[in-house]
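This briefing introduces one structure to a reader who has not seen it before. The points below are grouped by topic.

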Amino acid sequence: MKAYVQRTFGGPGDLELTDIPTPAPAAGEVLVRVRATSVNPYDWHLLRGEPRVARLMPGLVGLRGPKSAIPGCDLAGQVEATGPGVTQFRPGDDVLALVSHGCYAEYLTVPEALLARMPGNTSYEQAAAVPMAALTALIGLRDTGRVEPGQQVLVNGASGGVGTFAVQLARAFGARADGVCRAANAELVRSLGADTVIDRGTADFTRCGKRYDLMLDIAGTRQVPACRRVLSPAGTMVLIGGPAGRWLQPAGHVFAAMAMGRLVRQRVALTDTVTGPDRQENLRTLAKLIEDGRLSPVIGARYPFARLPQAIADQESGRIPGKVVITL
Ligand SMILES: NC(=O)c1ccc[n+]([C@@H]2O[C@H](COP(=O)([O-])OP(=O)(O)OC[C@H]3O[C@@H](n4cnc5c(N)ncnc54)[C@H](OP(=O)(O)O)[C@@H]3O)[C@@H](O)[C@H]2O)c1
């Protein structure tokens, strides 16, 4: 099978498109033919081995070189074969999943417990936009943020992969949502259900004069003391991401915010999608919302498999709203 293999830390141009053996599903695993995948900041963080501080932490990054040969964590595709003991899926089923790596390939094996059926009304392309970004928005709002109907929610980073799902999900949970993004993306964010969109180029959202019950901090551009100005006294700030850097960011931003969060009255909490539990059940929840027409993936750019390195570079540039999707 064809796969993009990463032999050293580096940029998208260092990925090598090569032929490797197709894996066979072990007990409890499913072999999936990848039909579409997408790019998340997580992928290029792992690709570059940055922030470098992450190389020192136990996990996926690796100390001297990448721990995983094939990047890519979002998957939409078709079940090709099942290993012994698999009960939920059979060949031909359309599935989606969030995995730690391996999606930038024609095939991969996935534990049955991580897979969910694709929503009946989406293409592979649309389904591949969902796993990482929509799960993050769902967990951030519902589980970490404990959103309630009628609440006022502010999404900082509303036009990106996570943000476009977050604005729609806030509305689906009965809350009101405002968004922060660049002026060029304001109309998109409004079309997703935001009441007010704050242009980050001309206005400081922390001085907008409004108070929110919940703030989803996806862009991570301001520190906790400034964000507190827009939180109600019992409000919650959910930390999701931050500006990327070579050595420390966004990890430094998140750790600093967690430390500062201990000193303030409002709740400051962290969302971690990659290690979060209940992935299959949460994907089913998202699939149902999509089937009911209450959630719709926003695709900002599409690429064929042969141009996958360009797709990663363009996602990293920050110019593309919504999700960057690759079809195979
Ligand atoms: N905690 C987790 O488990 C988890 C999971 C997924 C993602 N993340 C993190 O969440 C962040 C966003 O992920 P994503 O997939 O949504 O990325 P994305 O698609 O690249 O979106 C980034 C967003 O930030 C905005 N932005 C960029 N530069 C900005 C700046 N200087 N000031 C204010 N806003 C800026 C962008 O739009 P505008 O230019 O329109 O403002 C966009 O809305 C990343 O840091 C990622 O690593 C964390």
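Contact here means that heavy atoms lie within 4.5 Å. By that measure, the buried residues of helix α1 are covered by elements that include β3 (29–39), α3 and α9 (308–317). The model is predicted. The points below begin with the ligand, then turn to the helices, the cores and some single residues.

**The ligand and its surroundings**

- The ligand is surrounded by 24 residues, and the closest are S159, G161, R182, R200 and T271.
- By class, eight residues of this shell are nonpolar, 13 are polar and three are charged.
- Two helices, α3 (131–144) and α4 (161–172), each contribute at least two residues to the shell around the ligand.
- An N or O atom in the side chain of S159 lies 2.7 Å from an oxygen atom of the ligand.
- For N185, an N or O atom of the side chain is 2.8 Å from an oxygen atom of the ligand.
- With T273 the partner is in the backbone: a polar backbone atom of T273 is 2.8 Å from an oxygen atom of the ligand.
- The ligand taken alone exposes 930 Å², and the protein buries 80% of that area.

**Helix α1**

- Helix α1 covers residues 41–48, and six of its eight residues are buried, so it is largely enclosed by the rest of the structure.
- The buried residues of α1 are Y42, D43, W44, H45, L46 and L47.
- G49 follows α1 and has a positive phi, near 70°.

**Helix α3 and the loop after it**

- How many residues of α3 are buried? The count is 12 of 14, so α3 is largely enclosed by the rest of the structure.
- Buried residues of α3 include P131, M132, A133 and A134, and T144 is also one of the buried residues of this helix.
- L141, another buried residue of α3, is in contact with R146, V147, V153, A166, L169, A170, F173, L214 and L216, leaving aside neighbours within four places in sequence.
- R146 comes just after α3 and lies in the loop between α3 and β8 (152–156).
- The phi of R146 is positive, at about 50°, although R146 is not a glycine.
- Most residues other than glycine have a negative phi.

**Nonpolar cores**

- The largest nonpolar core has 55 residues, of which L141, V153, V167, L169 and L286 touch the most other members.
- Apart from this core lies another, of 22 residues, with M1, Y4, L308 and I312 among them.

**Helix α8 and the loop before it**

- Helix α8 spans residues 279–291, and Q280 is found in it.
- Is Q280 buried or exposed? Its relative accessible area is 13%, which is under the 20% limit, so Q280 counts as buried.
- The side chains of Q280 and Q88 are joined by a polar contact of 3.0 Å.
- Apart from neighbours within four places in sequence, Q280 is in contact with Q88, F89, E112, A113, L115 and A116.
- D278 lies in the loop between β13 (267–270) and α8.
- D278 is exposed because its relative accessible area of 54% is over 50%.
- The phi of D278 is near 60°, a positive value in a residue other than glycine.
- E291 also belongs to helix α8.
- The relative accessibility of E291 is 41%, so E291 counts as partly exposed.
- Not counting residues up to four places away in sequence, E291 touches M118, P119, G120 and N121.
- E291 and T136 are 155 residues apart in sequence, and their C-alpha atoms are 19 Å apart in space.

**Strand β12**

- Strand β12 runs over residues 231–239, and A234 lies in it.
- A234 has a relative accessibility of 71%, so A234 counts as exposed.
- A234 and M118 are 116 residues apart along the chain, and 38 Å separates their C-alpha atoms.

Definitions and conventions:
Residues numbered from 1 in each chain as written. Heavy atoms only, no water. Near = heavy atom within 4 Å. Polar contact = N/O pair within 3.5 Å; in protein donor to acceptor, adjacent residues only side chain to side chain. Areas by Shrake-Rupley, 256 points an atom, 1.4 Å probe, with all protein chains shown as cover. Helix = DSSP H or I, 4+ residues; strand = E, 2+ residues; numbered from the N terminus. Nonpolar A, V, L, I, M, F, W, Y, C, P; charged D, E, K, R; others polar. Core = buried A, V, L, I, M, F, W, Y, C linked by side-chain atoms within 4.5 Å. Buried < 20%, exposed > 50% of the residue type's maximum accessible area, 1.4 Å probe, protein only.
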